[in-house]
Amino acid sequence: MARKMAKYFITVAILFFIAGCFEGIMFPTKFRFQFFYAAFMHIPPEHLKSFFSHFVVKIHTHISLVGWVTSALMGILYFIVPQIKDQAKGRERYSKWACYANFWLHVFGILLFCVGFHLIGMTGLKSGYAPGSPEFRELETPFKLFVLTGGSFICLSSLLFSLNIEKTLFATETSKDHNG
């Protein structure tokens with residue numbers, strides 16, 4: 001189970017790494033490829049600078065740190081911790097359901113979070129209202145649910161991960177395995 005979860009987390013870490021690289025290259029190329037970005041994201045060229053300054057930076061940061069780095073670290077820890085704790089016995093003490101829930105909440109949380117920010121930026125800036133203005137905030141309201149849900153999923157995922165790893169690290173030698 002530990003190797004399987006490690007493989008899942010490291011695989012999505014690589015995918016988020018690639019997505020983060022693409023998000024990262026968008027910022028310095030915003031003017032060179034402004035017509036492509038305007039057509040692809042349906043944002044008028046005059047609003048691209050605002051979109052990139054307010055939203056792409058946030059999305060790039062979250063995909064890179066929470067998506068790539070955190071996913072990779074979770075995968076590494078799911079691989080290493082059971083080996084450290086029970087190397088001689090070969091037992092895994094963490095909960096399988098918590099591993100799977102941790103994984104899916106983490107992945108969907110990041111995706112919802114980033115999609116929400118893209119939608120807020122694309123919709124709000126296309127309207128012509130300044131980011132942060134009452135009109136802009138009113139337009140972003142339906143898409144905030146994506147960001148809030150994604151952020152909540154990420155928080156729940158981090159709690160499940162933390163509890164699961166701690167449970168494994170501090171399991172007593174006499175405790176029974178819990179793989180349910």
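**Entry 1: helix α1**

I started with the span of α1. Its 25 residues should cover 36 Å at 1.5 Å a residue, and the end C-alpha atoms are 36 Å apart, so the two values agree. The model I am reading is predicted.

Next I listed the buried residues of α1. They are Ala 2, Met 5, Ala 6, Phe 9, Val 12, Ala 13, Phe 16, Gly 20, Glu 23 and Met 26. An α-helix has 3.6 residues a turn, so residues three or four places apart point the same way. I noted that a charged residue, Glu 23, is on the buried list.

**Entry 2: the chain as a whole**

I then stepped back to the fold. The protein chain has five helices and zero strands. From the N terminus on, the order is α-α-α-α-α. I looked up burial for the chain too: 39% of its 180 residues count as buried.

**Entry 3: Tyr 8 and its partner**

I went back to α1 for Tyr 8, which lies in that helix. Is Tyr 8 buried, partly exposed or exposed? Its relative accessibility is 30%, so I filed Tyr 8 as partly exposed. I also checked a contact along the backbone. The C-alpha atoms of Tyr 8 and Gly 75 are 7.3 Å apart in space, with their positions 67 residues apart in sequence.

I counted aromatic pairs next, and the structure holds nine. One of them joins Tyr 8 and Tyr 100. That pair is tilted, at 6.5 Å centre to centre and 50° between the planes. Tyr 8 sits in helix α1 (residues 2–26) and Tyr 100 in helix α4, so the pair ties together parts 92 residues apart in sequence. Tyr 100 has 25% relative accessibility, so it also counts as partly exposed.

**Entry 4: Tyr 78 and Phe 161**

How are the rings of Tyr 78 and Phe 161 arranged? Their centres are 5.4 Å apart and their planes stand at 85°, so I logged the pair as edge-to-face. Tyr 78 is in helix α3 and Phe 161 in helix α5, so this pair ties together parts that are 83 residues apart in sequence. I looked up burial for both: Tyr 78 is buried, and so is Phe 161.

I then asked which aromatic residues group together. One aromatic cluster is formed by Tyr 8, Phe 9, Tyr 78, Tyr 100, Phe 103, Trp 104, Phe 108 and Phe 161. Both pairs I had looked at belong to that cluster. Phe 9 is in the cluster and is also among the buried residues of α1.

**Entry 5: helix α5 and its kink**

I checked the span of α5 as I had for α1. α5 has 36 residues and reaches 49 Å from its first C-alpha to its last, close to the 52 Å expected at 1.5 Å a residue. Where is the kink in α5 centred? It is centred on Pro 142, and its angle is about 60°.

I took Pro 142 on its own. It is found in helix α5. Its relative accessibility is 51%, so it counts as exposed; the cut-off for exposed is over 50%. The C-alpha atoms of Pro 142 and Ile 120 are separated by 8.6 Å, and the two residues are 22 apart along the chain.

**Entry 6: the largest pocket**

I looked for empty space next. The largest pocket has a volume of about 190 Å³. It is lined by 13 residues. Which of them lie nearest its centre? They are Phe 55, Lys 58, Phe 117, Ile 120 and Glu 140. Two or more lining residues come from each of α3 (48–86), α4 (96–126) and α5 (134–169). The largest share, six residues, comes from α5.

I sorted the lining by type: seven nonpolar, two polar and four charged. Ile 120 is one of the residues nearest the pocket centre, and I had already met it as the C-alpha partner of Pro 142 at 8.6 Å.

**Entry 7: the end of α4 and the loop after it**

I finished with Lys 126 and Ser 127. Lys 126 is found in helix α4. Its relative accessible area is 47%, so it is partly exposed. The C-alpha atoms of Lys 126 and Ile 43 are separated by 5.4 Å, although the residues are 83 apart along the chain.

Ser 127 is in the loop between α4 and α5. At 30% relative accessibility, Ser 127 counts as partly exposed. Its C-alpha atom is 9.5 Å from that of His 47, and 80 residues separate the two along the chain.

Key. Residues numbered from 1 in each chain as written. Predicted model: local features only at pLDDT ≥ 70, side-chain atom pairs only at ≥ 80, totals over all residues. Heavy atoms only, no water. 1 Å grid on protein atoms, 1.4 Å probe; cavity = no way out; pocket = protein on both sides within 12 Å on 5 of 7 lines; lining within 4 Å. Points joined across faces, edges and corners; volume = space filled by probe spheres on them. Helix = DSSP H or I, 4+ residues; strand = E, 2+ residues; numbered from the N terminus. Expected span 1.5 Å × (residues − 1). Bend = angle between axes of the 7 residues up to and from the residue. Phe/Tyr/Trp six-rings, centres within 6.5 Å; stacked < 30°, edge-to-face > 60°. Buried < 20%, exposed > 50% of the residue type's maximum accessible area, 1.4 Å probe, protein only.
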